[in-house]
Amino acid sequence: GVVTLNLTLVGGGAKFRVNDDWKYNWGANTFPNGTGTAGGDNIPVTAGTYTVTFNVNTKEYSFQ
């Protein structure tokens with residue numbers, strides 16, 4: 001259950017969500033690593049190109 005994407009992001013906030021819907025979403029207030037909580041805060045993202053991973057079982061994430 002680990003999803004990995006390569007993304008270029010602008011500065012701001014990010015969250016992980018299911019099927020482009022906000023019903024199920026996870027966020028936190030730590031960057032570049034952390035563990036998301038259901039309905040949590042936006043993740044404070046710094047602009048850049050990242051390999052983003054999200055473990056759908058543990059909700060752990062990283063932006064590298």
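**Strand β8, its following loop and the β3–β4–β6 pairings**

Asn55 lies in strand β8 of this predicted model. The residue has a relative accessibility of 18% and is therefore classed as buried, the limit for that class being under 20% relative accessible area. Apart from neighbours within four places in sequence, the contacts of Asn55 are with Gly1, Val2 and Glu60.

Val56 belongs to the loop that connects β8 (48-55) with β9 (60-63). Its relative accessible area is 36%, so Val56 is assigned to the partly exposed class, which spans the range between the buried limit of 20% and the exposed limit of 50%. Together with Val3, Leu5 and Leu7, Val56 makes up a nonpolar surface patch, for which the combined accessible area is about 290 Å².

A further set of features concerns the pairing of strands β3, β4 and β6. Strand β3, comprising residues 16-18, is paired with strand β4, comprising residues 21-27; the arrangement is antiparallel and involves three bridges. Within this pairing, Asp21 of β4 is the residue opposite Val18. The two strands form a hairpin with two residues between them, and in this hairpin Asn19 adopts a positive phi near 50°.

Strand β4 is also joined to strand β6 (residues 37-38), again in the antiparallel sense. Two bridges connect β4 and β6, and Trp26 has Ala38 of β6 as its bridge partner. Strand β4 thus takes part in antiparallel pairing both with β3 and with β6.

Definitions and conventions: Residues are numbered from 1 along each chain as its sequence is written. This is a predicted model: local features need pLDDT of at least 70, side-chain atom pairs count only at pLDDT 80 or more; totals for chains, interfaces and linings use all residues. Side-chain values use heavy atoms; hydrogens and water are left out. Patches are made of residues with over 30% relative accessible area and no salt bridge: like charges are joined within 9 Å, nonpolar side chains (Val, Leu, Ile, Met, Phe, Trp, Tyr) within 5 Å. Accessible areas come from the Shrake-Rupley method with a 1.4 Å probe; for residues, only the protein chains shown count as cover. A salt bridge is a side-chain nitrogen of Lys or Arg within 4 Å of a carboxyl oxygen of Asp or Glu. Helices (H or I, at least four residues) and strands (E, at least two) are DSSP runs, numbered from the N terminus. Buried means under 20% relative accessible area, exposed over 50%, partly exposed in between (1.4 Å probe, protein chains only). Contact means heavy atoms within 4.5 Å. Two strands pair if DSSP finds at least two bridges between them.
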